[in-house]
Amino acid sequence: NTLIEMNMSLVHFSARRFRSRGPEEWEDILQVGTIGLIKAIDRFDLSREVEFTTFAVPYIVGEMKRFFRDTSWAVHVPRRLQELRVELAKARDHLTAVLDAPPSVAELAAYLEITEEEVIEGLVASNGYTAGSLDLPTGTENEDAGRSYAETVGDWDPAMELVEDFQALAPMLEELNDRERAILRMRFGQEMTQADIGAELGYSQMHVSRLLNRLLAKLRAGMLTDR
């Protein structure tokens, strides 16, 4: 504990380079820096004849960087992809300056000596570093003013499933006789009761019920066979 208290100045010194992160993260930075200091104290060996300051600072800064790596990403991605994102950013800046144009995937792959698939994987993973709220407004003041991104995103339409059903059902309806089509039209198109349909056709309600059940079972079996 004495060694930790005596060397806390190293933690504050190392944390200064991360002041741009904002005051809300300052306490967290100091805490993880202290963890790095404790690791340095535990692993320090006097026989190596290295100053403790020189030995401890990499441990402290390393813990701080690890903290940012694990908490800064909006979506968790593997460490190798986090590191690849940094390499791709550096390579893109370098090649843009050399080529005077944004580099292609093939050029990035050749420069970093990796495959194009790895470059694409790294570029896709980079999208997980930051995330915007669905409630943020989109467009300019004169265009789509007041609309949030969530309002522009499409949603699953339950009625879409009916499209396939209607396509499969159409040829089977054509094979029905006039009476069967009339019963379906009155029951489901005009929403008539079975008693009303019986009165219209001169059948009992029980007979209409049997006809409907037989008819629906026939269509249901045809739909399942079709699928």
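A residue counts as partly exposed when its relative accessible area falls between the buried limit, under 20%, and the exposed limit, over 50%. The legends below refer to a predicted model.

**View 1. Residue R43 in helix α3**. With a relative accessible area of 48%, R43 is partly exposed, because the value lies between the limits of under 20% for buried and over 50% for exposed residues. The helix that holds R43 comprises residues 26-43. Setting aside residues up to four places away in sequence, R43 touches F55 and Y59. R43 and F55 are 12 residues apart along the chain, and their C-alpha atoms are separated by 9.3 Å.

**View 2. Helix α3 along its length**. The 18 residues of α3 reach 26 Å from the first C-alpha to the last, close to the 26 Å expected at 1.5 Å a residue. Among the buried residues of α3 are W26, I29, L30, V32 and G33; T34, G36, L37 and A40 are buried as well. An α-helix has 3.6 residues a turn, so residues three or four places apart point the same way.

**View 3. The annotated span, residues 28-41**. An unreviewed UniProt entry assigns the annotation "domain: RNA polymerase sigma-70" to this span. Residues 28-41 are 100% helix and 0% strand, and the end C-alpha atoms of the span lie 20 Å apart.

**View 4. Surroundings of T34 in helix α3**. T34 has a relative accessibility of 18% and therefore counts as buried, the cut-off being under 20%. A polar atom of the T34 side chain lies 2.7 Å from the backbone oxygen of L30. Leaving aside neighbours within four places in sequence, T34 is in contact with I4, M8 and V11.

**View 5. The largest nonpolar core, centred in this legend on I60**. This core has 20 residues, and those with the most contacts inside it are I60 and M64. Two or more residues are given to the core by each of α2 (8-15), α3 and α4 (52-71). The largest share, 9 residues, comes from α4. Not counting residues up to four places away in sequence, I60 touches L10, V11, S14, G33, G36 and L37. In soluble globular proteins, nonpolar side chains tend to be buried together.

**View 6. A separate nonpolar core**. Another core, of 15 residues, lies apart from the one described in View 5. Its members include A182, L184, L215 and L219.

How values were computed. Residues numbered from 1 in each chain as written. Predicted model: local features only at pLDDT ≥ 70, side-chain atom pairs only at ≥ 80, totals over all residues. Heavy atoms only, no water. Helix = DSSP H or I, 4+ residues; strand = E, 2+ residues; numbered from the N terminus. Buried < 20%, exposed > 50% of the residue type's maximum accessible area, 1.4 Å probe, protein only. Contact = heavy atoms within 4.5 Å. UniProt positions renumbered as here; feature names shortened; annotations may be inferred. Expected span 1.5 Å × (residues − 1). Core = buried A, V, L, I, M, F, W, Y, C linked by side-chain atoms within 4.5 Å. Polar contact = N/O pair within 3.5 Å; in protein donor to acceptor, adjacent residues only side chain to side chain.
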